[in-house]
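Reader: Hey, I've just opened this one and don't know my way around yet. Mind if I throw some quick questions at you?

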Amino acid sequence: MADPTTIAGSLGDYLRTRRALVSPADAGLPPTGRRRVPGLRREEVAELVGLSTDYYVRLEQGRADRPSDEVLDALARALRLGPAERAHLYDLARPPRRTATARNDGLRPALRQVVEAMPATPAVIMNDRNDVLAWNRLAAALIADFPNLAPPERNMARRIFLDPDAPDVHLDWDEAARTTVGILRMAAGRRPHDPELVRLVGELSLGSATFRTLWAGHHVHEKTHGPKRFRHPVVGDVTLGYETFQVPGAAHHLLVVYTAAPGSPAEEALHFLSSFTTADT
């Protein structure tokens, strides 16, 4: 019987959603006319992977033994999975045992000092639940007033899905919503019994229809780098790039640094915002 507190979903759920996204043409299969449902059929995945259809069906139904690395690698190739999707496949196929060990999200004081010492660019440290654990003055001025938020509200998933003003602040809200859910999905695969994550997913599911729809899609995402657009009441629209760095000694903590191209309007906006917040302080 499935554990009701597990939020990662099953390996079968993930395989079904992934094969629905791969067309026969993408997989190099000959056309077979119109289909009632999109994507690959079970027998086609089995053929591509080199498995019997019966074994693949049992995999999707959760009735098969733990698949080998060779089978998982072949599934990843057949379903055209990227690095994050492949990692999530392995997490679901090899779920961790429930443990009583408490997760430690504390930060060394020096790490907070590192973030606060970045005067010219917004920077935060986040965990994979999207909790913001540390920030500098520019991040608080541009993204959210973190110092004056209660700790539970310093969570970017809550802010994206439960704050009615979020689409006005995050101009790429649709993409931000999708990637935020993908990050939480990755975390759920690694730690399906994390009580804080279980609570967060339940809260977001109750509070946001968009979150429920995205969560059901089993999309996963690993935060690495890319563009980010903000709208600020003082400096207007700002387009930045972000880069992420793993925090040593904390596998689920990321340092996220937002930068502006030299000489760009975004750089001017950050300079002005920095001087504005300094004067306000």
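Reader: Let's start somewhere odd. Where does R80 sit?

Author: R80 is in the loop between α4 and α5. Keep in mind as we go that this is a predicted model.

Reader: Okay. Is R80 buried or exposed?

Author: R80 is exposed, since its relative accessible area is 53% and the cut-off for exposed is over 50%.

Reader: And what's its phi?

Author: Phi of R80 is near 55°, which is a positive value in a residue other than glycine. For background, most residues other than glycine have a negative phi.

Reader: H218 caught my eye too. What is its phi, and where is it found?

Author: H218 has a positive phi of about 60°, and it is not a glycine either. You'll find H218 in the loop between α12 (209-216) and β3 (225-232). H218 is buried, with a relative accessible area of 7%.

Reader: Let me zoom out. How many helices and strands are there in the protein?

Author: The protein has 13 helices and 5 strands. Of its 281 residues, 47% count as buried. The C-alpha atoms fill a box of roughly 70 × 45 × 35 Å along the principal axes.

Reader: What about the inside? Which residues touch the most other members of the largest nonpolar core?

Author: Those are L59, L75 and L89, in a core of 46 residues. Helix α10 (residues 173-190) gives the largest share of this core, 8 residues. Apart from it lies another core of 26 residues, including A140 and V256.

Reader: Back to L75. What is it in contact with?

Author: Not counting neighbours within four places in sequence, L75 is in contact with L15, V45, V49, Y56, L59 and L89.

Reader: And α10, how many of its residues are buried?

Author: In α10, 14 of the 18 residues are buried, so the helix is mostly covered. Its length checks out as well: at 1.5 Å a residue, the 18 residues of α10 should span 26 Å, and the end C-alpha atoms are 26 Å apart, which agrees.

Reader: Next up, helix pairs. At what angle do α1 and α3 cross?

Author: The axes of α1 (residues 11-19) and α3 (residues 53-60) cross at roughly 115° and come within 7 Å. The two helices are therefore roughly perpendicular to each other. On the α1 side the contact involves L11, G12, L15, R16 and R19, and they meet Y56, L59 and E60 in α3. By class, that contact has 4 nonpolar, 1 polar and 3 charged residues.

Reader: What about α1 and α5, are they roughly parallel or antiparallel?

Author: Roughly antiparallel. α1 and α5 (residues 83-93) pack at an angle of about 150°, with their axes 9 Å apart. L11, Y14, L15 and R18 of α1 make the contact with E85, H88, L89, L92 and A93 of α5. Those residues divide into 6 nonpolar, 1 polar and 2 charged.

Reader: Which helices do the buried residues of α5 pack against?

Author: They pack against α1, α4 (69-78) and α10. The buried residues of α5 are A84, E85, H88, L89, D91, L92 and A93.

Reader: Last one: where does R108 lie?

Author: R108 lies in the loop between α5 and α6 (109-116). With 46% relative accessibility, R108 counts as partly exposed. The C-alpha atoms of R108 and T17 are separated by 40 Å, and the two residues are 91 residues apart along the chain.

Key: Residues are numbered from 1 along each chain as its sequence is written. This is a predicted model: local features need pLDDT of at least 70, side-chain atom pairs count only at pLDDT 80 or more; totals for chains, interfaces and linings use all residues. Side-chain values use heavy atoms; hydrogens and water are left out. A nonpolar core is a set of buried Ala, Val, Leu, Ile, Met, Phe, Trp, Tyr and Cys residues joined through side-chain atoms within 4.5 Å. Buried means under 20% relative accessible area, exposed over 50%, partly exposed in between (1.4 Å probe, protein chains only). Helices (H or I, at least four residues) and strands (E, at least two) are DSSP runs, numbered from the N terminus. Contact means heavy atoms within 4.5 Å. The expected span of a helix is 1.5 Å times one less than its number of residues. Axes are lines fitted to C-alpha atoms, for helices over the stretch in contact, and angles run from 0 to 180 degrees between N-to-C directions. Angles under 35 degrees count as roughly parallel, over 145 as roughly antiparallel, 65 to 115 as roughly perpendicular and the rest as oblique. Ala, Val, Leu, Ile, Met, Phe, Trp, Tyr, Cys and Pro count as nonpolar, Asp, Glu, Lys and Arg as charged, and the others, Gly among them, as polar.
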